[in-house]
Amino acid sequence: MDNAKPVSTPLPTTIRLSDRDSPSTKEERKLNGKIPYASAVGSIMYAMVATRPDLAYVVGVVSRYMSNPGRKHWEVVKHILRYLRGTKDARLTFGSNNSTEVEGYTDSDYAGNTDNRKSTSGYVFTYGGGAISWRSKLQECTTLSTTEAEYIATLEATKEVVWLHRLSADFSVKRRLDHPAPTIYCDSQSAIHLIRNPVYHAKTKHIEVRFHHIRELVTEKKLEVRKIDIEVNIVDCLTKPLPDQRFRTLRTMMELRQATEQKRAEQIVAEGKSMTGPIGQAEKEKSKELESQKAKDTIKCKDVDWKEND
């Protein structure tokens, strides 16, 4: 792998791994037993846990076949190593915005597993613009709709944000007085509506009680769940394989940058342009719209005064 050609994404969008790709005969198992599959996956997992949230999804995928890996599974592992070769200088950065709040992002991939049709949950939490906690995990139960999958994914993120909120309190991190509750951003409006409306729903009566804990937190205003556009939801790359450009964009939004990208970011900061995360960028666009509207209103007021003076 020392001379392997680097690739731009850890998992191509055209590849879907399955149990059917595992060896079925003793001869095939004996041959594949000589491949250091578990060792390679373990090494990649070590990098993912420490500083590489972009590897969370693909590590979860290849780890499912640890007991009986096939040739196709091994090819994907080698593809990940090629990706690491091309991004070995990537690093997490912080300070792109002045936020002192822990912000969470959650998403799910409905029925993405081809073996049991289970969905994948993913979340990322950021502080100061950079990722500090992330996870990609196959859901324990089989969901019946995208709303249910997003609902369960948001609950998984809720467990983490409660712990992070307490940890920040132990470190005496200052919070905004007008926004004391932690925030989780979700791109499913139907899931948010289900969380905020804790009345009886015939279509959700089969969901286990433990998944409804998030409703209690929202009702008591200990947690806030907000809508975010899917284009700026950074967790999308932790739930499914994505095209090259889309993957790089979301990776940059998590402040996981390569040396060239970091150099460009520093140049932008030096020029006086603020580097903001996905939420900050959205707020910036809204601010521009408000300023433009205020300017129009001012012009209208001046026109009225001028006519009155005449």
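**Helix faces, helix pairs and two positive phi angles**

I'll start with helix α8, residues 244-253, where R246, F247, L250, R251 and M253 are buried. Those five span an arc of only 160° around the axis, so they sit on the same side of α8. As a reminder, an α-helix has 3.6 residues a turn, so residues three or four places apart point the same way. Please keep in mind that this is a predicted model.

Some overall numbers next. The protein has 310 residues, and 44% of them count as buried. Its secondary structure comes to 10 helices and seven strands. If you take the contacts in the protein with a separation of 6 or more, 73% of them are between residues 24 or more positions apart.

Back to the end of α8. Just after that helix, E255 takes a positive phi of about 65°. Most residues other than glycine have a negative phi, and most peptide bonds are trans. E255 has its positive phi although it is not a glycine. You will find E255 in the loop between α8 and β7, the strand at 256-257. Is E255 buried or exposed? Its relative accessibility is 4%, and the cut-off for buried is under 20%, so E255 counts as buried.

What lies across from E255 in space? One answer is G95, which is 160 residues away in sequence but has its C-alpha 9.3 Å from that of E255. G95 belongs to the loop between β1, residues 91-92, and β2, residues 103-109. Unlike the buried E255, G95 counts as exposed, because its relative accessibility is 53%.

There is another positive phi to show you. K221, also not a glycine, has a phi of about 60°. The residue is in the loop between α7 and β6. Here the relative accessibility is 70%, so K221 counts as exposed. To put the two side by side: E255 is a buried loop residue with a positive phi, and K221 is an exposed one.

Now for helix α6, residues 189-196. Which of its residues are buried? They are A191, I192, L194 and I195. Since these cover an arc of only 160° around the axis, they lie on the same side of α6. What covers them includes two helices, α5 at 146-170 and α7 at 213-219, and two strands, β5 at 183-186 and β6 at 224-227.

Of those elements, α5 deserves a further look. α5 and α6 pack at an angle of about 60°, and their axes are 8 Å apart. The crossing of this pair is right-handed. From α5, the residues T147, E150, Y151 and T154 meet S190, A191, L194 and I195 of α6. By class, that contact has four nonpolar residues, three polar and one charged. Note that A191, L194 and I195 appear both among the buried residues of α6 and in its contact with α5.

Further along α5 is V162, which counts as partly exposed because its relative accessibility is 28%. V162 and L217 are 55 residues apart in sequence, with their C-alpha atoms 9.6 Å apart.

Last topic: helix α2, residues 37-50, and two helices that pack on it.

Take α3 to begin with, residues 56-63. α2 and α3 pack at an angle of about 155°, with axes 10 Å apart. The cut-off for roughly antiparallel is over 145 degrees, and the two helices are therefore roughly antiparallel. α2 passes α3 in a left-handed crossing. On the α2 side the contact is made by Y37, V41, I44, M45 and M48, and on the α3 side by A56, V59, V62 and S63. Eight of these residues are nonpolar, one is polar and none is charged.

The other partner is α4, residues 71-86. Here the angle to α2 is about 35° and the axes are 11 Å apart. This crossing is left-handed too. α2 contributes Y37, A40, V41 and I44, while α4 contributes H73, W74, V77, I80, L81 and L84. Sorted by class, the contact has nine nonpolar residues, one polar and no charged ones.

If you want to look for overlap in the viewer, Y37, V41 and I44 of α2 take part in the contact with α3 and also in the contact with α4.

Conventions:
Residues numbered from 1 in each chain as written. Predicted model: local features only at pLDDT ≥ 70, side-chain atom pairs only at ≥ 80, totals over all residues. Heavy atoms only, no water. Axes fitted to C-alpha atoms, helices over the stretch in contact; angles between N-to-C directions. Helix = DSSP H or I, 4+ residues; strand = E, 2+ residues; numbered from the N terminus. Parallel < 35°, antiparallel > 145°, perpendicular 65-115°, else oblique. Left-handed = near helix turned anticlockwise from the far one by under 90°. Contact = heavy atoms within 4.5 Å. Nonpolar A, V, L, I, M, F, W, Y, C, P; charged D, E, K, R; others polar. Buried < 20%, exposed > 50% of the residue type's maximum accessible area, 1.4 Å probe, protein only. Arc of directions from axis to C-beta.
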